[in-house]
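Good morning, colleagues. Please take a moment with the sequence and the model on the screen before I begin.

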Amino acid sequence: MSHWMRVAAMGILGLWAAGLTAGCSAAQERAPLRDAQVYTENGKPVITVITKSLESGYWNMVQAGALLEGAARGYTIHLAGPNTEENVQAELDQIVAAQDDSAALVIAPSDPNSLVTTIGDAYAVGIPIVLVDSELADDSVYDAFVGTDNYKAGNALGTYVGEHQPGAKAAVITGARGSQTHEDRTDGILKGLEDNGCTVLEVYTADSDRNKAIAAARSLLEAYPDLTVLIATSDDMALGAQQVVQSLGRSDTVSVYSFDATVEGIQAIAQGDLAAAAAQYPIQMGRDSIALADQILHGKPVEKRSETPYEIITADNAECFLDGIREQMTAAGMSTGF
């Protein structure tokens with residue numbers, strides 16, 4: 001059991017990744033790889049990208065990267081995903097359905113355990129499998145993973161908080177239990193806070209849901225009048241927490257930090273509503289995932305695990321970061337609204 005889960009039990013229950021062509025793929029025996037030319041649409045092989053949710057600015061950026069790289073490499077990209085990250089069954093069903101017409105699959109698994117069998121079945125029949133953002137409990141059922149080291153990025157965020165708010169009394173609002181992504185982020189944040197002299201009052205699970213984060217923030221602020229920092233492991237939760245902090249008139253005494261740096265999150269940082277965020281490079285993740293799938297389909301060896309960068313976004317660099325996202329989203333033909 002991780003440290004943050006023990007804490008919870010006591011409480012209220014982009015840059016191009018180098019070396020993509022080096023290394024080796026999974027050792028599990030499988031059928032020969034699919035012939036990409038059999039699974040085409042409009043004369044182009046199909047790669048289906050299944051993210052944890054379609055209704056998320058973060059996953060929209062992953063999709064944009066996939067569309068950009070797919071166009072550059074001559075693929076038709078299908079986009080799929082459930083409406084919410086908690087709907088694991090819907091994602092499982094989409095993985096099964098996509099196998100009929102896809103040369104390869106790019107998947108962001110919402111649960112590290114429950115999707116292993118379904119993804120493993122697709123892998124076994126010769127479908128190239130690239131995971132993006134989140135890994136599985138069994139690394140023998142996919143070819144490659146690309147994403148952020150969530151522990152390192154979380155640790156950088158916790159360290160940043162400790163350096164800029166010495167002695168902070170902090171609470172963490174985290175995502176769904178069982179999500180390795182949010183566990184790693186939380187563990188890294190806690191280590192960064194504790195190593196830099198901050199006190200961790202509690203960790204509260206809110207399932208990456210803004211409404212649940214609103215309830216969590218309200219409960220935490222009532223339980224700990226001396227709380228000075230709230231850190232959420234996703235932007236949606238951070239924005240919900242900030243809404244409560246503002247409504248209670250505590251913006252001068254409580255700082256809210258985030259993780260992901262979606263467009264809405266970065267805008268909130270630029271406006272001074274959020275203090276800072278650990279930013280991933282989801283557009284780059286999307287691009288790298290298609291590049292890996294392409295190399296696998298062409299019989300080239302790939303790294304089993306490729307990391308994309310992370311960065312701390314503050315008011316000083318928020319606008320520049322937004323400009324880069326806007327340019328790439330527009331190039332992908334996706335609406336930005338900012």
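**Helix packing and the open sheet**

Helix 2 and helix 11 are oblique to each other. Their axes cross at roughly 55° and come within 9 Å; an angle that is neither under 35 degrees nor in the range 65 to 115 falls in the oblique class. I should say at once that this is a predicted model.

Helix 2 passes helix 11, residues 318-331, in a left-handed crossing. Which residues meet there? From helix 2 we have Asn60, Met61, Ala64 and Leu68, and from helix 11 Ile325, Gln328, Met329 and Ala331. By class, this contact holds 6 nonpolar and 2 polar residues, and no charged ones.

Let me turn to a second partner of helix 2. Two packed helices are described by the angle between their axes and the distance between the axes. For helix 2, residues 57-73, and helix 10, residues 282-297, that angle is about 40° and the axes are 6 Å apart. This pair is therefore oblique as well, but the crossing of helix 2 and helix 10 is right-handed. On the side of helix 2, the contact is made by Tyr58, Met61, Val62, Gly65, Ala66, Leu68, Glu69, Gly70, Ala72 and Arg73. Helix 10 contributes Pro282, Ile283, Met285, Gly286, Arg287, Ile290, Ala291 and Asp294. The residues of this contact divide into 11 nonpolar, 3 polar and 4 charged. Met61 and Leu68 of helix 2 appear in the contact with helix 10 and also in the contact with helix 11.

I now move to the sheet. In what order do its strands lie? The order is 8-7-9-10-11-13, an open sheet of 6 strands with mixed pairing. Strand 8, at 199-205, and strand 13, at 311-313, stand at the edges; each has a single partner strand, so one side of each is left without a neighbour in the sheet. From one strand to the next, the twist averages 20°.

Within this sheet, strand 9, residues 229-232, runs parallel to strand 10, residues 255-260, and 3 bridges join the two. Ile231 has Tyr257 of strand 10 as its bridge partner.

Finally, a loop residue. Val125 lies between helix 4, at 116-124, and strand 5, at 129-132. Is Val125 buried, exposed or partly exposed, and which class does its accessibility give? Val125 counts as partly exposed, because its relative accessibility is 47%. Apart from neighbours within four places in sequence, Val125 is in contact with Ala31 and Pro32. Between Val125 and Ala223, 98 residues apart in sequence, the C-alpha to C-alpha distance is 53 Å.

Methods
Residues numbered from 1 in each chain as written. Predicted model: local features only at pLDDT ≥ 70, side-chain atom pairs only at ≥ 80, totals over all residues. Heavy atoms only, no water. Pairing = 2+ DSSP bridges. Helix = DSSP H or I, 4+ residues; strand = E, 2+ residues; numbered from the N terminus. Axes fitted to C-alpha atoms, helices over the stretch in contact; angles between N-to-C directions. Parallel < 35°, antiparallel > 145°, perpendicular 65-115°, else oblique. Left-handed = near helix turned anticlockwise from the far one by under 90°. Contact = heavy atoms within 4.5 Å. Nonpolar A, V, L, I, M, F, W, Y, C, P; charged D, E, K, R; others polar. Buried < 20%, exposed > 50% of the residue type's maximum accessible area, 1.4 Å probe, protein only.
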